[in-house]
Amino acid sequence: MKKALITGITGQDGSYLAEFLLNKGYKVYGLVRRSSNDPFVRLSDAVKRQVKIVYGNLRDTSALERAIQECMPHEVYNLAAQSDVGISFKNPEETTEVDYYGVGRLVNAIQKIKPDTRVYQASTSEMFGKTNPTQNEDSPFQPVSPYGEAKLKAHEDFVEGYREKHGLFICSGFLFNHESPRRGEHFVTRKITISLAKIKLGLQKSFELGNLDAKRDWGFAGDYVEAMWLMLQQDTPQDFVIATGVAHTVREFVVASAETLGMKITFSGKGNEEVGKDEKGKVILRVNPKFYRPKEVGALCGDASKAKRLLGWKPKTSFEELAALMARADYEKFSNAAPLR
């Protein structure tokens, strides 16, 4: 039986990956930070019964070494991170501590205790930053956020560096935006679907967003975890862009989500004065400049041709299906709540 250790198992990607690996017959371990809140809300009861929880975090070298010693994993998937791009501008040191130094602690522990382990590093499309789309494995990295910068430095020092200097089987997945009903509620896609569901149910009157023209390549997280696994099944470690190849604006995500709920939104105005109105002409969406990032990435769109060619991977879920899946899940979540009086 293969053994896998997932850091960040309680997050969106970690929960889908745990399910995927368990279905493959793996014994799955999850590295979890102790918390006063329930960290396992994304894990089903069936998954929680099968996963072996190991307590620790990427700040603690001794805890990481103990985790590797206990698990002796064939594969490690490093999904733990401070992954909110907007927050990274406000907490750059925290972001660097976890997303850069934390990766170093982890790969050092693996190299020291079980150097034949295969390692997946969750890199990000934000590393491409200002680079014009479409971005692939050969595109230059030009990050504009502390998050993108920390991830890039981790890739250079601990993925490329340990692969070349130490022969570690480690690869980066440059995953473009991937969403699901399990996405954190502070991310823009969930903010959209939650707000629309509540407006539809009479629980909320309106909401605000930042840059409606920002374009992202949005895929379904459940599709993307398969690509992570496929990378570690290859004969040699390589890095891969994982994306749908199609970009949509934030505005388009709003429209697609609303259509699932039987809502039609029309937009008028420009820039900060733009608003979205429902069928009755009521303003339910406004632009608020406070939600703009200090440095905005205008457009990200990935070319996953290499993954299709070498891994046999391609996304199964379309943009419209993804928006519908998320909007429907949030509507069902709040449909039993009492309406505003």
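User: How are residues sorted into the classes nonpolar, charged and polar?
Analyst: Ala, Val, Leu, Ile, Met, Phe, Trp, Tyr, Cys and Pro count as nonpolar. Asp, Glu, Lys and Arg count as charged. The others, Gly among them, are polar.

User: By class, what does the lining of the second largest pocket have?
Analyst: The model is predicted, and its second largest pocket has a volume of about 230 Å³. Residues lining this pocket include Ile199, Lys200, Gln204, Gly262, Asp278 and Glu279. By class, the lining has three nonpolar, two polar and six charged residues.

User: Which domains give residues to the largest nonpolar core, and where does this core lie?
Analyst: The largest nonpolar core has 64 residues, and Leu21, Tyr77 and Trp313 are among those with the most contacts inside it. Its largest share, eight residues, comes from helix H8 (residues 221–231). Residues come from both domain 1 (3–179 + 219–245) and domain 2 (188–216 + 248–300 + 317–337), so the core lies between these two domains.

User: Which residues does Leu21 touch, not counting residues up to four places away in sequence?
Analyst: Leu21 belongs to the residues with the most contacts inside the largest nonpolar core. Beyond four places in sequence, Leu21 touches Ala4, Ile6, Tyr26, Val28, Tyr77 and Trp229.

User: Is Phe40 buried or exposed, and what is its relative accessible area?
Analyst: Phe40 is found in the loop between strand S2 (27–32) and helix H2 (45–50). Leaving aside neighbours within four places in sequence, Phe40 is in contact with Thr10, Val32, Lys48, Ile53 and Tyr55. Buried means under 20% relative accessible area, so Phe40 is buried, with a value of 15%.

Note on methods: Residues are numbered from 1 along each chain as its sequence is written. This is a predicted model: local features need pLDDT of at least 70, side-chain atom pairs count only at pLDDT 80 or more; totals for chains, interfaces and linings use all residues. Side-chain values use heavy atoms; hydrogens and water are left out. A nonpolar core is a set of buried Ala, Val, Leu, Ile, Met, Phe, Trp, Tyr and Cys residues joined through side-chain atoms within 4.5 Å. Buried means under 20% relative accessible area, exposed over 50%, partly exposed in between (1.4 Å probe, protein chains only). Helices (H or I, at least four residues) and strands (E, at least two) are DSSP runs, numbered from the N terminus. Domain bounds come from an automatic or database domain assignment. Contact means heavy atoms within 4.5 Å. On a 1 Å grid over the protein atoms alone, a cavity is a set of points where a 1.4 Å probe fits but cannot get out, and a pocket is an open set with protein on both sides within 12 Å along at least five of seven lines; lining residues have an atom within 4 Å of a point. Grid points are joined across faces, edges and corners, and a volume is the space filled by probe spheres set on the points.
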